[in-house]
Amino acid sequence: MTDTTTMKHPVLIAPSLLSADFANLRDDVLRCQNAGAEVLHLDVMDGHFVPNITFGPMVVAALRPHSTMIFDCHLMIENPDAYIPAFANAGADWISVHVEECKHLHRTLGLIRSHGCKAGIVLNPSTPLEYAFAAAADCDFILLMSVNPGFGGQSFIPSLLQRARLLRDWLDAHGCTHVQIEVDGGVKADNTAEVVAAGVNIIVSGSGIFSGNLEANIAAIRSAAEQHQSTWA
Ligand code: DX5
Ligand code: ZN
């Protein structure tokens with residue numbers, strides 16, 4: 001049996017490119033990396049699954065040579081299976097898919113892993129956690145949305161905290177201690193502590209990092225996370 005008392009995931013900070021300066025993406029990515037962010041969160045939107053359009057694998061491939069950060073592609077698109085190989089080939093390290101869109105979730109997770117990427121499951125704020133339970137053993141991380149996806153700069157939905165606690169407890173009780181929990185939407189330095197205390201260890205932040213001073217914002221999120229780490233952080 002896994003010893004859950006020693007299974008701790010480090011806190012990882014994941015700036016969301018959605019809030020970067022799209023005329024200077026490379027510079028913003030380098031600033032994030034130099035400020036100590038470990039993960040670059042890349043929001044892929046198709047105008048169908050969500051009411052917004054962002055970018056595809058070409059942008060991921062263009063940025064890849066300029067950064068050693070983990071590239072975390074959050075696919076908010078219909079029919080993700082058709083595009084997973086392209087994002088993997090573009091340099092994605094992690095790829096996550098929404099359970100609301102996947103008819104055959106285990107097959108999709110297997111497809112992601114077959115391309116050498118870590119596989120993630122994403123749940124919208126009102127999607128029952130049971131959808132994650134069914135496939136938790138076959139994924140590497142679970143992304144809980146704390147806003148309805150589609151846009152940056154929305155307000156954090158507080159029910160995330162209870163959902164994260166329930167999920168962390170369920171994962172620990174069911175032999176899935178290896179699964180990390182990521183949060184996305186409305187997270188800033190001022191609510192990072194409670195998010196981490198709820199069992200989240202991957203912190204996505206868009207407007208919370210790119211509004212104002214990027215380096216100071218990343219430092220503030222790091223400080224909040226480290227001062228208030230749960231036993232899981
Ligand atoms: C929303 C995206 C988020 C977004 C977060 O659909 O998935 O990653 O960039 O932005 P903030 O942190 O501003 O809510
Ligand atoms: Zn996202």
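# Briefing: zinc site, parallel sheet and packed helices

G116 takes a positive phi of about 85°, just after helix α4. The model is predicted. Its eight-stranded open sheet pairs in the parallel sense. A zinc ion (ligand 2) is held by H41, D43, H74 and D184.

**Zinc site**

- The zinc ion (ligand 2) is coordinated through NE2 of H41, ND1 of H74, and OD of both D43 and D184, at 2.0 to 2.3 Å.
- The site of this zinc ion has six donor atoms and is octahedral, with angles of 69 to 169° among them.
- Along the chain, the donors follow the spacing H-x1-D-x30-H-x109-D.
- The pair H41 and D184 links distant parts of the chain, 143 residues apart. H41 sits in strand β2 (residues 39-45), and D184 sits in strand β7 (residues 180-184).
- Both H41 and D184 are buried.

**The sheet**

- The strand order is β1-β8-β7-β6-β5-β4-β3-β2.
- The edges are β1 (12-15) and β2, each of which pairs on one side only.
- On average, neighbouring strands of this sheet are turned by 20° against each other, direction ignored.
- Strands in a sheet pair through backbone hydrogen bonds, either parallel or antiparallel.
- Strand β3 (residues 70-76) runs parallel to strand β4 (residues 94-98), and four bridges join them. Within this pairing, C73 has I95 in β4 as its bridge partner.

**Around strand β8**

- Strand β8 is joined to β1 by four bridges, and the two run parallel.
- Strand β8 is also joined to β7, again in parallel, by three bridges.
- V204 in β8 stands opposite A14. V204 also stands opposite D184, one of the residues that coordinate the zinc ion (ligand 2).
- In a regular strand, side chains alternate between the two faces of the sheet. In β8, I202 and V204 point one way, while I203 and S205 point the other way. These four residues, I202, I203, V204 and S205, are all buried.
- Helix α9 (residues 214-227) lies across β1 and β8 (202-205). Its direction is at about 150° to β1.

**Helix α4**

- Helix α4 (residues 105-114) packs on the sheet and touches β4 and β5 (118-123). The direction of α4 makes about 145° with that of β5.
- Which residues of α4 are buried? They are L105, T108, L109 and I112.
- Why do these buried residues lie on the same side of α4? They cover an arc of only 100° around the axis, so they share one side of α4.
- An α-helix has 3.6 residues a turn, so residues three or four places apart point the same way.
- The buried residues of α4 pack against α3 (84-90), β4, β5 and α5 (130-133).
- R107 and S114 are exposed, on the face of α4 turned away from its buried side.

**A non-glycine with positive phi**

- N79 has a positive phi of about 50°, although N79 is not a glycine.
- Where does N79 lie? N79 is in the loop between β3 and α3.
- N79 counts as partly exposed because its relative accessible area of 47% falls between the cut-offs of 20% and 50%.

Notes:
Residues numbered from 1 in each chain as written. Chains lettered and ligands numbered in written order. Predicted model: local features only at pLDDT ≥ 70, side-chain atom pairs only at ≥ 80, totals over all residues. Heavy atoms only, no water. Donors = N, O, S within 2.8 Å, 3.2 Å for Na, K, Ca; no water. Tetrahedral: all angles 85-135°; square planar, octahedral: opposite > 155°, others 65-115°. Buried < 20%, exposed > 50% of the residue type's maximum accessible area, 1.4 Å probe, protein only. Pairing = 2+ DSSP bridges. Axes fitted to C-alpha atoms, helices over the stretch in contact; angles between N-to-C directions. Contact = heavy atoms within 4.5 Å. Arc of directions from axis to C-beta.
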